[in-house]
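Please examine the structure shown here with attention to its helices and to the residues they turn inward or outward.

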Amino acid sequence: MTETLTLWRPTGPKELDLVRASGWRRWPPRLPDQPIFYPVLNEDYAVMIARDWNVPASGVGFVTRFEVDAAFAARYPVRQAGGDTILELWVPAEELEEFNDHIVGTIEVVREFR
């Protein structure tokens, strides 16, 4: 059995629609001005972004959770974006397709804010 790493991603409605269209299995390609895909390492940080950033920007914010092959994920650096628990996994945009190939199971919505 594959050891997995649990990751969360605060998501707006447009990105979530693309995840849904993938059958809840893949993250969409990054936009040209988004060189990094950064899921986060804890749910509290994802909640903060979904609630405090996504809701004002688009009226709704979602927190998603997914598993990725831990050995594969270890190739990417963890970056501290603030306090001790503000941790992100930095995946270069050009490697997102390969990253998606290592998602185990499906991407699920665990919280919604309006």
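The following paragraphs take the two helices α1 and α2 in order.

The model is predicted. Helix α1 spans residues 13–21, and within it Glu15, Leu16 and Val19 are buried. Viewed down the axis of α1, these buried residues fall within an arc of 100 degrees, so they line one face of the helix. Lys14 and Ala21, on the other side of α1, are exposed.

What does the buried face of α1 meet? The buried residues of α1 pack against three strands, namely β1 (4–11), β3 (61–69) and β7 (103–113). Just beyond the end of α1, Gly23 adopts a positive phi of about 80 degrees.

Helix α2 covers residues 43–58. At its N-terminal end, Asn42 acts as a cap, with a side-chain oxygen placed 3.3 Å from the backbone nitrogen of Asp44. Further along, α2 bends by about 30 degrees at Ala50. Ala50 is itself one of the buried residues of α2, and the others are Tyr45, Ala46, Val47, Ile49, Asn54 and Val55.

Which strands help to cover the buried residues of α2? The cover includes β1, β3, β5 (87–89) and β7. Strands β1, β3 and β7 also pack against the buried residues of α1. Just after α2, Gly59 takes a positive phi of about 85 degrees, and a positive phi is likewise found at Gly23, just after α1.

Key: Residues are numbered from 1 along each chain as its sequence is written. This is a predicted model: local features need pLDDT of at least 70, side-chain atom pairs count only at pLDDT 80 or more; totals for chains, interfaces and linings use all residues. Side-chain values use heavy atoms; hydrogens and water are left out. Buried means under 20% relative accessible area, exposed over 50%, partly exposed in between (1.4 Å probe, protein chains only). Helices (H or I, at least four residues) and strands (E, at least two) are DSSP runs, numbered from the N terminus. The arc is that of the directions from the helix axis to the C-beta atoms. Contact means heavy atoms within 4.5 Å. The bend at a residue is the angle between axes fitted to the seven residues ending there and the seven starting there. A polar contact is a pair of N or O atoms within 3.5 Å; within protein, one must be able to donate a hydrogen and the other to accept it, and residues adjacent in sequence count only if both atoms are side-chain atoms.
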